[in-house]
Amino acid sequence: MKTSEIKFTVKVDENHLPVSIHWEAADAGEKSSSKSVMIALWDEKEHNTLRIDLWTKEMMVDEMKKFYFQNVMTLTDTFERATGDKQTAKEVRSFFDGIVSKFVQ
């Protein structure tokens, strides 16, 4: 059995606010920096979601809105693939299609 690792390195300032976020996935040969990261984990013992949401001072509000909406849409794709619930996915997409144009340029 193979083990893969994805590594995040977060540099923080004196107030513990992220200044830079770097990530790498050795197996994929990927290494880059980012202004924001959202990580969600399912805690199998507690049956709830654990989240880590970080963004740097350089992340502009418009970028955060776009990042948020794109995350919702890709989560919807994942939800549909994992559950086969096309109707709920359609409703989520419809809802967000209606508001995305107001917030994301």
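Which residues are buried in helix 1? Select Phe-69, Val-72, Thr-76 and Glu-80: these are the buried ones. Keep in mind throughout that this is a predicted model.

**Helix 1**

Now widen the selection to residues 61-83, which make up helix 1. At 1.5 Å a residue, these 23 residues should span 33 Å, and the end C-alpha atoms lie 32 Å apart, which agrees. Go back to the buried positions and look at their spacing. An α-helix has 3.6 residues a turn, so residues three or four places apart point the same way. To see part of what covers the buried residues of helix 1, show helix 2, which is included in that cover. Before moving on, pick Gly-84, just after helix 1; this glycine takes a positive phi of about 75°.

**Helix 2**

Select residues 86-103 for helix 2. Its 18 residues should span 26 Å at 1.5 Å each, and the end C-alpha atoms are 26 Å apart, in agreement. Then centre the view on Asp-97, where helix 2 has a kink of about 30°.

**Aromatic rings between the helices**

Show the side chains of Tyr-68, Phe-69, Phe-95 and Phe-96, which form one aromatic cluster. The count of aromatic pairs in the model comes to 4. Start with Tyr-68 and Phe-96: this pair is tilted, with 6.3 Å from centre to centre and 55° between the planes. Because Tyr-68 sits in helix 1 and Phe-96 in helix 2, the pair ties together parts 28 residues apart in sequence.

How buried or exposed is each partner? Tyr-68 is partly exposed, with a relative accessible area of 41%, whereas Phe-96 is buried, at 11%.

Next, keep Phe-96 and switch the partner to Phe-69. The ring centres of Phe-69 and Phe-96 are 5.8 Å apart and the planes stand at 65°; over 60° counts as edge-to-face, so this pair is edge-to-face. Phe-69 belongs to helix 1 and Phe-96 to helix 2, so this contact ties together parts 27 residues apart in sequence. Here both Phe-69 and Phe-96 are buried.

**The hairpin of strands 4 and 5**

Leave the helices and select residues 36-43 together with residues 48-55, which are strand 4 and strand 5. The two strands pair in the antiparallel sense over 8 bridges. At one end of the selection, find Ser-36, which stands opposite Trp-55 in strand 5. Then go to the turn: strands 4 and 5 form a hairpin with 4 residues between them. Finish on His-47 in that turn, which has a positive phi of about 55°.

Technical notes:
Residues numbered from 1 in each chain as written. Predicted model: local features only at pLDDT ≥ 70, side-chain atom pairs only at ≥ 80, totals over all residues. Heavy atoms only, no water. Expected span 1.5 Å × (residues − 1). Bend = angle between axes of the 7 residues up to and from the residue. Buried < 20%, exposed > 50% of the residue type's maximum accessible area, 1.4 Å probe, protein only. Contact = heavy atoms within 4.5 Å. Phe/Tyr/Trp six-rings, centres within 6.5 Å; stacked < 30°, edge-to-face > 60°. Pairing = 2+ DSSP bridges.
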